[in-house]
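Here is a friendly walk through a structure, with a stop at the backbone before we turn to how the chains meet. Have the 3D view open as you read.

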Amino acid sequence: MSIAVINYNAGNTRSVLNALKRAGEQPVLTADPSVISSASGVILPGQGEASNVMQSLRDCKLVETILNLRQPVLGICIGLQLFCEYSEEGDTICMGMFPGTRVRHFHALSTLPSLKVPHMGWNSLHGLRSPLFQGMSEGTYVYFVHSFCAPPTQDTCATCEYGGVPFAAAMQRGNFYATQFHPEKSGCAGEQIIRNFISLCHD
Amino acid sequence: MLSKRIISCLDVKDGRTVKGTCFVNLREAGDPVELGKTYSEQGVDELVFLDITASHEGRKTFTDMVSRVAEALSIPFTVGGGVQGPDDVARLLDAGADKVSINSSALWKPELIDAIATRFGSQVCVVAIDAHQVSPGQWVCYANGGRVPTERELFTWAYEAQERGAGEILFTSMDHDGSRSGFANAALASLNERLRIPLIASGGAGCMQDFADAFNLGKADAALAAGVFHFGDIAIPQLKSFLKQQNIPVRL
């Protein structure tokens with residue numbers, strides 16, 4: 001079975017598809033619930049404003065489908081935020097795979113008034129604890145572009161820091177994995193994470 | 001810690017890179033994809049591909065190149081040159097670009113920045129500014145690749161671009177570009193004080209210390225160069241180690 005990349009008009013799906021192909025996969029881009037449910041793994045890419053993206057998922061009738069998935073699922077960037085319980089962006093109730101986690105704006109969390117937002121560029125990962133980071137070392141740099149973030153919780157499996165604010169760079173609970181950074185744009189480190197996710201899907 | 005970014009800029013004409021290159025082992029030195037991959041392997045943090053073709057035909061070739069670059073590269077890249085409206089941006093993003101830079105078209109039609117930011121998000125919109133210093137602290141913005149002076153002043157224009165929704169400012173000092181005497185650090189520091197979005201320094205890189213100065217004195221978030229990388233005067237791995245020794249956060 002192949003890996004399904006969810007196509008819901010709100011993500012940079014091209015980069016994710018390219019990254020999977022570079023890793024030897026033949027992913028399918030789809031919004032079909034039956035294709036998604038039967039895939040060996042599922043990726044929810046995403047870009048955009050939380051309430052709009054959440055609405056796109058509802059419009060495509062995909063929320064239930066995603067919540068019921070039992071195979072490995074990877075949310076990227078806004079994907080991580082939508083797996084949380086709530087996002088301050090657009091006052092959005094999210095899907096809640098990571099219960100109790102509330103996504104907030106950097107300016108609401110940082111004491112630095114001049115902090116540049118979005119947090120854009122390469123930053124380092126710490127406290128790695130997930131099969132997603134198999135073979136990777138502390139301090140590895142990955143690529144971020146985001147203005148909102150999830151404070152660290154028990155589901156956090158990698159942390160990062162920006163403007164004095166520690167936040168969840170990656171989260172995992174059961175079969176739901178998520179990265180705030182873009183593995184598909186994170187060079188060699190990102191390729192390793194993609195390969196690790198693929199291994200999880202084909203286990 | 002958020003690292004300072006090193007960006008290499010490639011000029012592309014009819015789908016081929018035009019400046020010389022030091023990468024003798026390349027099968028195809030003029031191929032933007034091969035060159036981009038080589039830079040990526042050497043640890044460059046980001047790439048910029050500038051379309052310097054004017055023709056409609058050339059634009060199609062450039063879009064095809066963007067698709068091939070996106071298939072091959074696993075680091076972010078920006079494309080620019082000849083972007084007139086949101087439809088051009090859509091075409092380039094669809095091809096796989098991460099960001100699009102606009103320059104002259106934004107000077108003539110500033111609301112283009114709002115349009116891009118609203119439709120695609122600020123993170124996509126890089127506003128490039130070419131400016132020339134006319135008196136101490138006074139910089140005039142130029143359009144059409146530095147050929148046409150405008151009435152816009154650097155600091156007010158950069159601020160306006162930010163307020164309209166630019167995600168980054170790429171400032172090229174025309175006085176420093178090609179001089180290899182260092183970046184315009186005083187102007188960069190003034191820009192940084194006025195901006196809440198990332199600032200990319202461009203123009204003037206000659207040696208490794210110039211990059212350290214752009215970060216320490218100019219307070220830039222990223223530094224861009226072309227010639228010194230293409231001709232092999234500065235190798236990316238050495239540059240990164242040099243910066244790290246000076247306690248500048250870089251991705252190694």
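Let us begin in the loop between α6 (106-109) and β8 of chain A, where Pro118(A) has its place. This is a predicted model, and in it the peptide bond leading from Val117(A) into Pro118(A) is cis, with omega near 10 degrees. A second backbone feature sits at Lys61(A), in the loop that runs between α3 (50-59) and α4 (63-67) of chain A. Although Lys61(A) is not a glycine, its phi is positive, at about 55 degrees. For background, most peptide bonds are trans, and most residues other than glycine have a negative phi.

Now to the place where the two chains meet. The size of an interface is often given as the accessible area lost when the parts come together. Here chain A and chain B bury about 2,300 Å² between them, with 50% of that on carbon and sulfur atoms. On the chain A side, Lys116(A), Met120(A) and Trp122(A) lose the most area to chain B, and together they make up 32% of what that side buries. The contact draws 23 residues from chain A and 32 residues from chain B.

Polar contacts join 18 residue pairs across the interface of chain A and chain B, counting pairs with both residues at pLDDT 80 or more. Which elements of chain A each supply at least two residues of the side that touches chain B? They are α1 (13-22), β8 (119-124), β9 (141-146) and α7 (187-201). β8(A) gives the most to that side, with 6 residues. By type, the residues of the side of chain A that touches chain B divide into 7 nonpolar, 10 polar and 6 charged.

Next come the salt bridges. Side chains of opposite charge can pair when their charged atoms come close. The structure holds 19 salt bridges over all chains, and the count between chain A and chain B is 2. The table gives two examples from the structure.

| Residue | Partner | N to O distance |
|---|---|---|
| Lys116(A) | Asp221(B) | 2.6 Å |
| Arg5(B) | Glu46(B) | 2.8 Å |

The pair of Arg5(B) and Glu46(B) links distant parts of the chain: Arg5(B) is in strand β1 (residues 5-13) of chain B and Glu46(B) in strand β3 (residues 46-51), 41 residues apart.

Finally, look at two helices that pack across the interface. Two packed helices are described by the angle between their axes and the distance between the axes. For α1(A) and helix α2 (residues 56-72) of chain B, the angle is about 55 degrees and the axes are 8 Å apart. That angle makes α1(A) oblique to α2(B). From α1(A), Arg14(A), Asn18(A) and Arg22(A) meet Ser67(B), Ala70(B), Glu71(B) and Ala72(B) of α2(B). The residues of this helix contact divide into 2 nonpolar, 2 polar and 3 charged.

Methods
Residues are numbered from 1 along each chain as its sequence is written. Chains are lettered from A and ligands numbered from 1 in the order in which they are written. This is a predicted model: local features need pLDDT of at least 70, side-chain atom pairs count only at pLDDT 80 or more; totals for chains, interfaces and linings use all residues. Side-chain values use heavy atoms; hydrogens and water are left out. Contact means heavy atoms within 4.5 Å. Buried area is the accessible area (1.4 Å probe) that two parts lose on being put together, summed over both. A salt bridge is a side-chain nitrogen of Lys or Arg within 4 Å of a carboxyl oxygen of Asp or Glu. A polar contact is a pair of N or O atoms within 3.5 Å; within protein, one must be able to donate a hydrogen and the other to accept it, and residues adjacent in sequence count only if both atoms are side-chain atoms. Helices (H or I, at least four residues) and strands (E, at least two) are DSSP runs, numbered from the N terminus. Ala, Val, Leu, Ile, Met, Phe, Trp, Tyr, Cys and Pro count as nonpolar, Asp, Glu, Lys and Arg as charged, and the others, Gly among them, as polar. Axes are lines fitted to C-alpha atoms, for helices over the stretch in contact, and angles run from 0 to 180 degrees between N-to-C directions. Angles under 35 degrees count as roughly parallel, over 145 as roughly antiparallel, 65 to 115 as roughly perpendicular and the rest as oblique.
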